[in-house]
Amino acid sequence: MYLEDTIAAIATPVGCGGIGIVRVSGPDASSIADKVFIKQGNGGLESHRFYYGRIVDPADKSLIDEGMGVMMRAPRSYTREDVLELHCHGGYLIIQQVLDSCLRAGARLSEAGEFTRRAFLNGRIDLCQAESIIDLINSRTEMSLAFAQSQREGTLSARLGEITGLLRNALALIEAFIDFPEEDLDAASLGQIESLVERSREGLGLLLDSYAHGKVIRDGISVLLAGKPNVGKSSLLNALTLEQRAIVSHIPGTTRDVIEEIINIDGLPVRIIDSAGIRDSHDEIELEGIRRSLEKLALADLVLFMVDGSSAMDRLDRDLLQAISGKRFITVVNKTDLPHVLDVNELPAGAGIVHISSKNGSGIEQLRSAIFHSFVSDRVLTSRDHVAITSVRHRDILNRALDGLEGFRSQLAGGASGELLAIDLRDSLASIGEITGETTPDAILDIIFSSFCIGK
């Protein structure tokens, strides 16, 4: 990627639509506009104003389409470079011809994520904010969108800035004594350094603790409906999705394959998985469905262990309960619309229990709430300034930074020299810098921006 050249790409989704947009960024954006866009009336294109005109082939000025053109001159643009946008009709062939005209006029096709990468390299956003843009685009619920917006606005960057500020102050105190070795670190200075580092450790610890719910808000969770045949799993799937997604029958073994649906529970993306009932069977097709159910069981974030409240627990219920031991699960007692027979004392102690009727809908809202609060705390919902990390990359980097501070504490307790103490602090600072982009290797940048679409 060369920052001195000019790039172009289609910025709208592939296919037919009302409007298609081609974006151009770089030092030649203005000259490309002169070659491919003829505005109505006299004069050039003032910055940040839309003009109606003709989009033409740069070679013979033949008409491609009528549309709107806008120039956004540096630094007041997404990339902090001169940016041209051409808005045309959203037909596949038309927008491709508009892009081709820009390429023939001197631009090259952009790489994946190159517009956002230029915004990062030109200092408009840091890497943490750049990563949030792909989360913004991929958000499936209002809560995941709010978290992505918060990160894009710099809340995580600001929190990391507070932590690095503390570490830099501690490092400055240590380096001052390194520069003047004839003076020993006095107790007051040591106490100040230790306090700064300890506050940094606490800040990193809070961010790491936030990963568990931050990840599920961004990526969602998988919830498996597990139970013996005819316990009401498919009826519950239909009740949760508010549609007849699965076939419901009184005949045991009706569901023979895994059925998956995405639902939104108060902003949390939830993939509901209806599985074949677990039982002894000689039917090859049903056995394959049971095998797939057991595979999904191992991968699910949460299991809804369903039992029939109108009958006593039997061997199949107990075998399944044994299979989910060690998993996070909620016991769901179904068929509360029928006379109650189940002995609740046989249900597992310590696990949440929700009584429902998937037939008439009673208890469904309580179950949705139980699923939600299994992963999202009230603190996240009530705190407006809550900051969370949502990516594995950030989690692993913060763990490295925390390891460096643990090493610092050990060195300090052992009376290590200022030089050795400074090394641990520099290592932690360098790790945190990988999140904001200050110290991120180019190979990692390539991986991050390759996940973007071409026009972003």
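Modeller: Let's start with the outside of this predicted model. The accessible surface of the protein chain comes to about 21,800 Å², and 52% of that belongs to carbon and sulfur atoms.

Biologist: How many of the 456 residues count as buried, as a percentage?

Modeller: Of the 456 residues, 49% count as buried. The secondary structure amounts to 16 helices and 13 strands. If you look at contacts between residues at least 6 apart in sequence, 66% join residues at least 24 apart.

Biologist: Okay, let's pick a sheet. In what order do the strands of the open seven-stranded sheet come?

Modeller: Read across the open sheet and you get β3-β4-β5-β6-β2-β1-β7, with mixed pairing. β3 and β7 (108-109) are at the edges with a single partner strand each, so one side of each has no neighbour in the sheet.

Biologist: What does "mixed" look like when I go pair by pair?

Modeller: Take the β3 edge: β3 and β4 pair in the antiparallel sense over three bridges, and I38 has R54 in β4 as its bridge partner. Now go to the β7 edge, where β1 and β7 pair in the parallel sense over two bridges. There, I7 stands opposite R108.

Biologist: And how do β1 and β2 run?

Modeller: β1 (residues 7-10) runs antiparallel to β2, with four bridges joining them. A9 has R23 in β2 as its bridge partner. These two strands make a hairpin with six residues between them, and G15 takes a positive phi near 125°.

Biologist: Next, a helix. Which residues of helix α1 are buried?

Modeller: In α1 (residues 29-36), the buried ones are A29, I32, A33 and V36. They cover an arc of only 105° around the axis, which is why they end up on the same side of α1.

Biologist: What covers the buried residues of α1?

Modeller: The cover includes strands we've just met, β2 (17-25), β3 (37-39), β4 (50-56), β5 (63-72) and β6 (83-90), along with helix α2 (92-104).

Biologist: I also see a loop between β5 and β6. Is A74 buried or partly exposed?

Modeller: A74, in that loop, is partly exposed, with a relative accessible area of 41%. Setting aside residues up to four places away in sequence, A74 touches R80, E81 and D82. The C-alpha atoms of A74 and S25 are separated by 9.8 Å, although their positions lie 49 residues apart along the chain, counted as places apart.

Biologist: How should I read the two faces of a strand, covered and uncovered, in β9?

Modeller: The general idea is that side chains in a regular strand alternate between the two faces of the sheet. In β9 (residues 259-265), I259, E261, I263 and I265 make up the covered face, while E260, I262 and N264 make up the uncovered one.

Biologist: Which strands does β10 join?

Modeller: On one hand, seven bridges join β10 (residues 268-274) to β9, and those two run antiparallel. I263 stands opposite V270 in that pair. β9 and β10 form a hairpin with two residues between them, and D266 in the turn has a positive phi of about 55°. On the other hand, β8 (residues 221-226) runs parallel to β10, joined by five bridges, with S222 opposite R271. β10 itself is mostly covered, with six of its seven residues buried.

Biologist: Now the interior. Which residues of the largest nonpolar core touch the most other members?

Modeller: The background is that nonpolar side chains tend to be buried together in soluble globular proteins. Here the largest nonpolar core has 32 residues, and L236, L304 and I371 touch the most other members. Leaving aside neighbours within four places in sequence, the contacts of L304 include V223, L224, L225 and A226, and L236, I330, V332, L367 and I371 complete the list. Apart from that core lies another, of 31 residues, including L166, A170, L171 and L207.

Biologist: One last residue, then. Where does T164 lie, and what does its side chain reach?

Modeller: T164 is in helix α6 (residues 155-179), and its relative accessible area of 10% makes T164 buried. The side chain of T164 reaches the backbone oxygen of G161 at 3.0 Å. Not counting residues up to four places away in sequence, T164 touches L429 and I432.

Terms used. Residues numbered from 1 in each chain as written. Predicted model: local features only at pLDDT ≥ 70, side-chain atom pairs only at ≥ 80, totals over all residues. Heavy atoms only, no water. Buried < 20%, exposed > 50% of the residue type's maximum accessible area, 1.4 Å probe, protein only. Arc of directions from axis to C-beta. Contact = heavy atoms within 4.5 Å. Pairing = 2+ DSSP bridges. Polar contact = N/O pair within 3.5 Å; in protein donor to acceptor, adjacent residues only side chain to side chain. Areas by Shrake-Rupley, 256 points an atom, 1.4 Å probe, with all protein chains shown as cover. Core = buried A, V, L, I, M, F, W, Y, C linked by side-chain atoms within 4.5 Å.
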